[in-house]
Structures are given as structure tokens and as C-alpha cells.
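Here are my notes from a pass through the model, as numbered points. Have the structure open while you read, and tell me where you'd like more detail.

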Amino acid sequence: MVSIVSRLKEHPTPSDDVELSLLRAERALHVEGDLRAGRERFEAAYQAAERHGDDLAMARAALGMSGVWVHEHRTAVEATQVRARQRHALTGIDPNSSLAVRLRARLHGEEDHRLGEHASILRTLAEARESGDPVATAEALSLAHHCLMSPEHEALRGELALDLIGQAARTGRRGDLLTGLLWRTVDLFLAADPRAERSLRELGEHLAHRDHLAAGFVAEAIKVMLTIRAGRLTQAETLAAACARRGTDAGDHDAPGRHGMQLTAIRWYQGRVAELVEPLTELVHSPGVGFADHAYFPALAVAAACAGDRRLAAGMLARSRGPALAGSSRSQSWLAAMHGVAEAAHLLEDADTAAQAYRLLTPYARLPAMAGLGIACFGSTHHALGMAALTTGDLGAAVEHLGQAVQANLGLGHWPAAALSRWRLGQTLSMRHGTGCPPARQQLALAEQEATELGMALPAGIASRARTPRATCRRQGRQWHIELNGRTVRADDSVGIRYLAILIANPGREIRATDLAAGQASRHASRATRAETPARGDDTGMAVSVQPVLDQLAERTYKERLLELQAEIAELESLNDTERTVALCAERDWLAAELAAATGLGGRVRPFTNDAERARIAVGKAIRRALTRITEADNAIGEELRATIATGGRCCYHPR
């Protein structure tokens, strides 16, 4: 190119002036990676070509205005004008030419990126391959890669990046090689591939030989991300500021947004994210933010929630639901955005949003939550899944995901994320098994130690509503239906199941084993008095007092309540109030079962031995037998009930 420029300078003509401007512009863009200089020079070349009526030169200049990446023109006016020039340029050149293919690739790539699609650019990539032109193929490969940044396209992106590196040998353009190496590096980081840092070093060696501002800026931003992962948060903040200046010098409009996301990650692990409410508010309203990047809204939601501004937090989370939870229009920052959605939903106790986030994130549990082109990392997606499960009350799933998040973050070398996941794991174990749980204490202590070493501030407690939903137990015919966490198990009627039904219907209330055995645990018979009956000898010859399972007052109270329930149920059924009808039917069935169980042949009241120790043993055995049958039918429900049902002289259901 140098010899061509020298020749054009010797005997310039008007057309030579245009060609010289184009060569300088192409050098700035493809060799130096100077996005600002490239845009300015292509603009000047376009105007000169337009004055001389040079359609071919106008088309080259219009194409070059788009730069290296997609959506480099952020304002609506700039973007629309550039696209209009490119469409107009297509009308003045051979539609079968390589330049026409390149223009169509750019137009389709920009449109697909804006819509979160990729079909058009892939068709144009096939057209570029068929043309046999390496430059057209290389540009279409890079554009297609940029339109396939959502996590489900991991394998295809890898193929495109390697193909681009191969095409660079044919184009002879240094920018194509560096872009291909950069895409490969980004792909490996997004996939948590252990070869990622090796690829970054290879890219760095090429940049050290000769800089490329656009690719070099992204490479430096990735190094900032690695510094955050290493837990050197103060150093990372300094590097992030220097990197932002480098991006601005390169003319990359993503520089402010990338710096904002890196600062969000740093402040998140420092426990200072609430300080970012004002700058993030400015950022989400900035026209310089890419329209396909939705990570800033949930980031602001988290910051606002931590700052105590629940109204702003709820508003930002609501804005995030559309693009983030729609399952489409996913950009390279979608996993980071969903990480923020899960965290904000937890802070705002929004179980519905958390459940949606859990469903969408599950296929990508093994991936890290990365923002941009690998410029910020919020740790394993297992952490977001754990927080979502915690918010919906599924402690079992939360423990599993948070445990896996700890291991995944250790594998990433993301020490702050590992400490945070370990902290949340310890808190969740404490909720599930009690504060005295040894594994919980161990995880919490280790997390505190790690956080101190890293200069982190760990978050306080878990949101108040993040607890296991209470179990329900209702009778249907000869079976009982126990529901918990969306799961249902059926159990045949038994004395133990009836005891469980009473405890589950009275969460947090301690009930004496003697009262359970005597059938006096119901709130409708809480004031019933026990009628003493003459003592009699049992089969051991010991004298013990005997009382009926239900005394006359309790029996009368039960029957009166049954009549009331029947009337209320009839009224609710007429109003189609299904939810309340089901609840009252469960209470009616339970009372009916208690009356049936308390009467013997001929309707005579059955007696019960008033011996506290015997009642404790009998009730405990009956409940344990029932729990065994439930566990055999559904291990998750059974284990949760085992952990939350206490037996002894006093029995209680402690939902967590």
C-alpha cells in the first residue's frame, strides 16, 4: 500500500485524490484499527467521490463508514444516514461484484444485529463464499460472528472464528487476522475454556509486534476482567480507567459502557454497588449504549435495591423483563443481564421473575456470566440459578447450584465470585439445616476469610421471603396429597399421616404429643377440656388414667365446625372461588377423618392412655413411619419434611 500511495502522490488527478483518501481510510481501519480516523477519512472520501460522480469510490467509502464492529454509529441519525448511503451505493455498482456482496453483508449484519437475528447474514455469508472473494468472505464471517453472540451459538461461532483466521492468509489484511484471533479468544472465555488465556497471550504477541487500536482495546478490557477475577480489585479499577481512555482514543463507542460494566463488577464484589446508582442511571439513558445490550438495566436494579430505592429497582427490573426474559434478542451480555435479573429479583423478593430466570438460565448453567466481549465476568451461571432457586423457595436446588458455583468459580480462577458463592451457600445451608449445621458454619467461615483477604464486603442476610414454601397436606378420598415446591406425593391414610396433616396445618406451632394422640390439636378444639375417666389397669397391671380421644365438648365443636364449613363451601362454589373452596374442603375432610378415627364400633368414643411418654413414643413412631413412606414415594419431599418436622414431647413443623 505504501508504494501505491507514493505513486499517487507524484502525479495526482481528481480521481487519484479520491483513491488516496480511500487508501488512507482503509489503512486506518484495517491496519491501525483506528475507528475514529477510519470514520472521518471514509466520510471525506465519500464526499470527494460524490463530487466527482465516482460510484465505485462512493460504494467503497460508504462500506468503510461502518467500521470494524457492528452498530458503530450509535445515534439514530448517524446510523440511518450511513445505511441510506450504503443502499444508494448498491444501485450504482454491479450487483454481482465483490463490493456489492460486501455491502449487502454489512447491511444484513447490521439489521440482524439490531433485531437479534442471524438468518440474513448467514445467507449473505454463503453468497460471499460462493463468490470466491476472500475479503468479502472475511468481512461476512466477522459480521456473522457478531450476530451469533448469544450462548446457544457457541459451536458455530468457534467455526467462524477459525475460518476467519484462515481467510486472513488470503486477504493479506492484518486486521482480519487480529479480528479472527480476538473472536477466538472471546469465544473461549465465554465458554470457560481453559485455553482462553493461552489464546489471549497469542493475540497479545501479535499486538506487541504492532498495535491495532480496536482489537487492542478489547484485549486490554479482557485483561481488566482477569484482574477482577484474580481479586485485585483496586488494581482492576485503575486498569479499567486506563482501558477506557484507550478505547476512547480508538474511537470505540463502547468504551464508556464497557468501563461502566467493569466498574459495576468491581463495586459488586467490594460491596459498594449502591454507589453506582447515579452513573448507571446516566448510562442506561445514554444514546451511546448499544441497543442490543440490556445488561445495564438489571445492573441499575441491583444497585438501586442495595441503595434502598425499591421503586427505582422495581422499575429497572420491569424494563429488564422484556428483553432479558423474552428468550430472544440475546446479545453477548445476555448471561450477565440474567445474572443481574436473578440478583435483583432476589433483593426485591420477586419469586415470579426468579422462576422465569431459572427456567431460561438452566440450559447454560455451565457457562460464566460474561458481559460484552468478555470484558466483565460475574462468575458461574450456577450462582444466578442458585439465587433464583433461593428466591422461589427451593432450598434443595439452591444448595446444589451454589455448591456447583463454588467449584465452577474456583475453576475460572474467579476468587471474589467463589467467595460470594460460598457465602450464599453457607447462608442457604443454615436456612435448610439450622444455624448449627457444621457444613454451613464451615462455608461461612471460609467465605469470610477469603473475603477479608480479597478486600470484599459480603452481603448481609438472605431476603426475608427466600424460604421454602410451606407444605400442604389435604385429604382426597382414602389418600392424602402432600404438596411442596411444586411437587406432589400421595400417601395412604394412616395415623402418622394424620399427625403430619395437623402439624403442617399449624406451621411453627408446638403441639404436645399427648394432644396429637388425643385429637385435640385442631385450632377448633384448642379450648376443649379433657374429661377424666376412672383409672383402670393396663395389661401390665399398672394403673393409668384413661380419657377419650375426643371429649364431648371437642366432638361437639368439630361437628359444629363441619356444618359451618359445608355452608361456606357451598357459597364459595357458587362464586367459583376455587382456591378458597379447596382450602376449606381440606379442613372439612380433616375434621371428618378425626371424628371417624375418634369413634369406635357403634359410634362409641375410643379411649386413649394419658401417658406422656407413651404418647411421645407412639406419635414419634407413627410420624416416622409416615415420613418413610413419603420419602420412598418422593425423596425430595420426604427429606424436606424430615428436616422440618420435629417430634418428641412436643411436635412442630418448622418451614424454612
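1. Let's start with helix α8: how many of the 13 residues of α8 are buried? The count is 13 of 13, so α8 is largely enclosed by the rest of the structure. Keep in mind throughout that this is a predicted model, so everything below is computed from predicted coordinates.

2. For the overall picture, the chain runs to 656 residues, and buried residues make up 54% of them. You'll find 29 helices and eleven strands along the chain. If you take contacts with a sequence separation of 6 or more, 63% of them are between residues 24 or more positions apart.

3. Back to α8 and its geometry. The helix covers residues 134–146, and its first and last C-alpha atoms are 18 Å apart, close to the 18 Å expected at 1.5 Å a residue. At its start, aspartate 133 places a side-chain oxygen within 3.2 Å of the backbone nitrogen of valine 135.

4. Proline 134 deserves a click while you're there. This residue lies in α8 and has a relative accessible area of 16%, so it counts as buried under the 20% cut-off. Leaving aside residues up to four places away in sequence, proline 134 touches Gln167, Arg170 and Thr171. One of these partners, glutamine 167, is 33 residues away in sequence, yet its C-alpha sits 6.1 Å from that of proline 134.

5. The neighbour to look at next is α6, residues 98–115. The axes of α6 and α8 are 9 Å apart at an angle of about 5 degrees, and the two helices are therefore roughly parallel to each other. On the α6 side the contact uses Ser98, Val101, Arg102, Ala105, Arg106 and His113, while α8 brings Val135, Ala136, Glu139, Ala140, Leu143 and His146. Sorted by class, that contact has six nonpolar, three polar and three charged residues.

6. Now for a pair with another orientation: α13 (residues 233–250) and α14 (residues 255–270). Their axes are 9 Å apart and the angle is about 175 degrees, which makes α13 roughly antiparallel to α14. From α13, the contact draws on Leu233, Ala236, Glu237, Ala240, Ala241, Ala244, Gly247 and Thr248; from α14, on Ala255, His259, Gln262, Leu263, Ile266, Arg267, Tyr269 and Gln270. The class breakdown for α13 with α14 is nine nonpolar, five polar and two charged residues.

7. How do α24 and α28 cross? The axes of α24 (residues 495–505) and α28 (residues 612–633) come within 7 Å and cross at roughly 90 degrees, so α24 is roughly perpendicular to α28. Val495, Gly496, Ile497, Tyr499, Leu500 and Leu503 of α24 meet Val619, Ala622, Ile623, Ala626, Leu627, Arg629 and Ile630 of α28. By class there are eleven nonpolar residues in this contact, plus one polar and one charged.

8. Helix α10 (residues 174–190) gives you another span check. Its 17 residues should span 24 Å at 1.5 Å a residue, and the end C-alpha atoms are indeed 24 Å apart. The helix is mostly covered, with 15 of its 17 residues buried. Just after α10, alanine 192 takes a positive phi of about 60 degrees.

9. Staying with backbone torsions, histidine 71 has a positive phi of about 55 degrees although it is not a glycine. Histidine 71 belongs to the loop between α4 (55–64) and α5 (76–90), and its relative accessibility of 6% makes it buried. Glutamate 349 is not a glycine either, and its phi is positive at about 55 degrees. You'll find glutamate 349 in the loop between α18 (334–347) and α19 (351–361).

10. Last, a charged residue in a strand. Is arginine 475 buried or exposed? This arginine, in strand β3 (residues 472–476), is buried, with a relative accessible area of 16%. The side chain of arginine 475 makes a polar contact of 3.1 Å with the side chain of aspartate 493.

Conventions
Residues are numbered from 1 along each chain as its sequence is written. This is a predicted model: local features need pLDDT of at least 70, side-chain atom pairs count only at pLDDT 80 or more; totals for chains, interfaces and linings use all residues. Side-chain values use heavy atoms; hydrogens and water are left out. Axes are lines fitted to C-alpha atoms, for helices over the stretch in contact, and angles run from 0 to 180 degrees between N-to-C directions. Helices (H or I, at least four residues) and strands (E, at least two) are DSSP runs, numbered from the N terminus. Angles under 35 degrees count as roughly parallel, over 145 as roughly antiparallel, 65 to 115 as roughly perpendicular and the rest as oblique. Contact means heavy atoms within 4.5 Å. Ala, Val, Leu, Ile, Met, Phe, Trp, Tyr, Cys and Pro count as nonpolar, Asp, Glu, Lys and Arg as charged, and the others, Gly among them, as polar. Buried means under 20% relative accessible area, exposed over 50%, partly exposed in between (1.4 Å probe, protein chains only). A polar contact is a pair of N or O atoms within 3.5 Å; within protein, one must be able to donate a hydrogen and the other to accept it, and residues adjacent in sequence count only if both atoms are side-chain atoms. The expected span of a helix is 1.5 Å times one less than its number of residues.
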